[in-house]
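Take a look at the structure below. This report covers two topics: a metal site and a set of charged side-chain pairs.

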Amino acid sequence: MNLIIGSHVSFTKDKQLLGCIEETLSYGANTFMFYTGAPQNTNRIAIDPNKTILALELMKENNIDYNNVIVHAPYIINLANNSDDEKWNFAINFLKQEIDRCETLGITKLVLHPGSHVGLGEETGIQNIIDALNIVLDRPSNVIICIETMAGKGSECGKSINEIKQIINGINNKDRIGVCLDTCHLNDAGYDIESFDEYLDMFDKEIGIDKIKCVHINDSKNVRGMSKDRHENFGLGTLGFDTLINVIYNERLKDVPKILETPYVSIDDNSKEKMFPPYKFEIEMIRNKKFNDNLISDIREYYKNKNHKI
Ligand code: FE
Ligand code: FE
Ligand code: ZN
């Protein structure tokens, strides 16, 4: 199986898409996901077309298909709550611009957290999401918005197949809407990922498996159904190595990009200061289908001793 695997990488002011690809290659990955700026704010820099052209060339050289590359919308964008009209409209306009940025970069998949209703109730929240997305998707574009399955923390919408289905049912332009599964979120929302094929059967029956455009691969710090959303490194959480490997190598999702969003690793157990990306080592385990008992210490050694740039 030709694995499509990558991780979250940084999009910086200086290097932009080019930096994303260099980072991706350093992890031995063949796809990637990034935020076009800080995930927690909406400040965005202008995209430099020259850097984009160089980046697209580098992707081609390395067989990275831009149809497998993902942009993640900032998580403060909340389409579900419209109690502040100005904020809601800002979110809608930001999302329109984010689609434009994806177009400029040649990227076709934009992952979005559906949003939190914050007291308005699930039904109203979902209706707000539908209304907002119909406005956003009202102009022609190649970009597909992929709604992420959420853990159900606080008042998050989109924690069940049924809620995702309701959102999709309300969208006028259904070709422009997809779904991004997140293994940690599914577990925390109460789904049994050990029986992943049963989940896919349910999903297929209610929504259609062809709607799945991306899978976020994360282990979870919490047991099933805790509605927490705390990611853990690959194989070190409650899902475990074999369960995640089975998701990644599931034949029914073989053409869907898998993206790691596992946490950075601290330099030692007590420090939270210097943090290293785990992705090179996690991808190695995934490709070998073999668990590395020394995952954390290998990551620390690699970045500490060899002065590898992150
Ligand atoms: Fe996300
Ligand atoms: Fe995710
Ligand atoms: Zn999460």
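## Metal site

The zinc ion (ligand 3) and the iron ion (ligand 1) are 5.3 Å apart. Keep in mind that this is a predicted model.

Which residues coordinate the zinc ion (ligand 3)? H185 and H231 each contribute NE2, and D229 contributes OD. These contacts are at 2.0 to 2.3 Å. Along the chain, the donors of the zinc ion (ligand 3) are spaced as H-x43-D-x1-H.

Is D229 buried or exposed? The relative accessibility of D229 is 16%. Buried means under 20%, so D229 counts as buried.

## Salt bridges

Now to the charged pairs. Side chains of opposite charge can pair when their charged atoms come close. How many salt bridges does a search of the whole structure find? The search finds 14. Three of them are set out here, each with its N to O distance.

| Salt bridge | Distance, N to O |
|---|---|
| K15 and E22 | 2.5 Å |
| R139 and D100 | 3.4 Å |
| E206 and K205 | 3.8 Å |

Take K15 and E22 to begin with. Their side chains meet in a salt bridge at 2.5 Å. K15 has a relative accessibility of 38% and counts as partly exposed. E22 is partly exposed too, with a relative accessible area of 34%.

Next come R139 and D100. Their side chains meet at 3.4 Å, N to O. Where do the two residues of this pair sit? R139 lies in the loop between α4 (122–136) and β5 (144–148). D100 belongs to helix α3 (residues 85–105). The two residues are 39 residues apart, and the pair links distant parts of the chain. R139 is partly exposed, at a relative accessible area of 35%. D100 is also partly exposed, at 37% relative accessibility.

The third pair is E206 and K205, whose side chains meet at 3.8 Å, N to O. Here E206 is partly exposed, with a relative accessible area of 32%. K205 has a relative accessible area of 70%. Exposed means over 50%, so K205 counts as exposed.

Salt bridges can also share partners. E122, K159 and E163 are joined in this way into one network.

## In brief

The zinc ion (ligand 3) is held by H185, D229 and H231, and the iron ion (ligand 1) is 5.3 Å from that zinc ion. Elsewhere in this report, the salt bridge of R139 and D100 links distant parts of the chain.

Conventions. Residues numbered from 1 in each chain as written. Chains lettered and ligands numbered in written order. Predicted model: local features only at pLDDT ≥ 70, side-chain atom pairs only at ≥ 80, totals over all residues. Heavy atoms only, no water. Salt bridge = Lys/Arg side-chain N within 4 Å of Asp/Glu carboxyl O. Buried < 20%, exposed > 50% of the residue type's maximum accessible area, 1.4 Å probe, protein only. Helix = DSSP H or I, 4+ residues; strand = E, 2+ residues; numbered from the N terminus. Donors = N, O, S within 2.8 Å, 3.2 Å for Na, K, Ca; no water.
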